[in-house]
Amino acid sequence: MVASAPPVDDRMVDALAALHGAGSDAEADAAFLAMVAAIAPGAPAAVCLFTDGGDGLFVRSATPDCPLQAGETLGAASWPQPEQRRLALRIRGEEFGELRLGGDVDAAVRLRLGEAAAHYAAAIANLALLTHARSQNARLGAKLMAVEEAIPLFQEDTTETVHARLLQVAANVVEAMAGALYVLEEVGRTDSSLRLAHAIGIPESLLASFESVDGGSWPLGLLDGGARIERRSSDDEPLASLAPSCTPAHLHGVVVLPLAYSGICAGVCVLFNPALPAGEEHLVAERMESFLALAAALLHRLDLERRAIANQSLERELEIAAQIQKCSLPTEAPTASSYDFAWASTPAQRIGGDHIDWLAGSGGEVHAVVADASGHGINSALLMTSYRANWRGSAPWLETSALAERLNGTVAHEVGSTGMFVTAVLFRLAADGSTVTLCNAGHTPVLHWRAASGTIAAIPGDGPPLGFLPDATYGEREVPLAPGDTLLFYSDGLTEAAANGGAMLGDERLAAAFAAGAAGGTAADALAAIQRLLHDWTGRARQDDDVSIVVVKVRAHGAVP
């Protein structure tokens, strides 16, 4: 049966007005189908949209007498109709679906149905734009509200007040009476621990008892994911990953608000028993998204300020420690007429682990030490401070081997299982310049330049580094000295100093520079020759490891300066 086009009546005018005045897709669909019924009375109709794959149909709406039901997804062959019973639905030339009819219509009806379909496409396009605009306005409103709520946080004087106000603002949004704010110990590093920064309406002892379902830290597991509300479904089901065994009976909902911006995580805000009705969870994300990002940025800034202050304090402490350590180095040579001394010590960092020291004995002899704690920096400096005190308390009274054994036991006790140790050359210069008695505990060899022959002898070690073996024993050796002989004591930072190409300075270069300097004049001349070599080799004043150098030149036996 062919439907003929009826005249335009009030019902169709009303349907057209309803179509363009629709506030929702459902209203637009109803108005469009009313127009179809007015144009083609008695013809079942359905609005079908193409699925994403293009091989199926989604029934968006249908008249009551249509065999299709709204909400169905059909195959392309479902309710097949000939081409004259199908009208394309287009927006800006793009076909997105079709109107299917259950009866034949003449050309005039088809023309009017096509006009109605064009009105329908325009109406739903406008609705989509309106919905998007409303969404954007809502998001903009949420962002503005978040800015308004966050501004007072940036005006607070203390971190504790910021934490308290941040938690209170978040609790007000979801109408929660209890909550907790957890902040990362190091903002931006999720592998650092979370600390409870502030809590309201819930005892901290109860928060401390919360565990995740896997037995780990509960708040740490909440950092992943966006803002969300989780509600309790049963006593046996975990709520927000909280183990049921430690979930209070009166806890029926949890709001999880991770604090993050630009990929930087600051912590998580957890709120308990929100008063928001079920189904309004989207309000949390919409309103809190910008606020949480601003809060995370503020917490990050506070953390950076805290660390900057801590670093400034540490820098000041390091300056003081460096000054103290510098003052612990000898400033004057021993009053020993038989010897000429020159020395230098440069730490790799602000403070170091090398040590140079000497004491005058009651008989005119000189007790001295050159030592090097493993590593460099604060740990090495602390260990060497203790070592210096122990050495000074024992050096004048013990032979060098016995002194090494006593110091070894002390160092072993102090370093424990840290793996640290101390290498040292303990030596005693005879008052008349005739001999040096020394004990080398794992230190670099002592170089002895013999003036008579112009040759260098390397005096090796006598035992392991101090602290390696608690019960180690040490030997000592007495080396005769002649006028003009020169001794070189140094830490391994000297020979291991690397050039830009990576090659180390090494023993041979050091020995050659030392021999040239020793043959040319005073102990200071020999030291200067070694320092020139080091600077020329590396091209820098400070090396990767501490560098200490002591040069001792023998004057004529018994000579008086």
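This passage looks at how two helices pack and at the largest cavity in a predicted model.

A good place to begin is the pair formed by helix H7, which spans residues 378-394, and helix H8, which spans residues 400-415. Their axes lie 10 Å apart and meet at an angle of about 150°. Because angles over 145 degrees count as roughly antiparallel, H7 is roughly antiparallel to H8. The crossing of H7 past H8 is right-handed. On the H7 side, the contact is built from Leu383, Ser386, Tyr387, Asn390, Trp391 and Ser394. H8 answers with Leu403, Arg406, Leu407, Thr410, Val411, Glu414 and Val415. Taken by character, the residues of this contact comprise seven nonpolar, four polar and two charged.

Attention can now turn to the empty spaces inside the model. Two cavities of 30 Å³ or more are found in the structure, and the largest has a volume of about 50 Å³. Its lining consists of His367, Ala368, Trp391, Ala395, Leu398, Thr400, Leu403, Leu426, Phe427 and Arg428. Trp391 and Leu403 may look familiar to the reader: both belong to the lining of the largest cavity, and both also take part in the contact between H7 and H8.

Several elements share in this lining. Strand S15 (366-373), helix H8 and strand S16 (422-429) each contribute at least two residues. The biggest share comes from S16, which provides three residues. By character, the lining of the largest cavity is made up of seven nonpolar residues, two polar ones and one charged.

Notes:
Residues numbered from 1 in each chain as written. Predicted model: local features only at pLDDT ≥ 70, side-chain atom pairs only at ≥ 80, totals over all residues. Heavy atoms only, no water. Axes fitted to C-alpha atoms, helices over the stretch in contact; angles between N-to-C directions. Helix = DSSP H or I, 4+ residues; strand = E, 2+ residues; numbered from the N terminus. Parallel < 35°, antiparallel > 145°, perpendicular 65-115°, else oblique. Left-handed = near helix turned anticlockwise from the far one by under 90°. Contact = heavy atoms within 4.5 Å. Nonpolar A, V, L, I, M, F, W, Y, C, P; charged D, E, K, R; others polar. 1 Å grid on protein atoms, 1.4 Å probe; cavity = no way out; pocket = protein on both sides within 12 Å on 5 of 7 lines; lining within 4 Å. Points joined across faces, edges and corners; volume = space filled by probe spheres on them.
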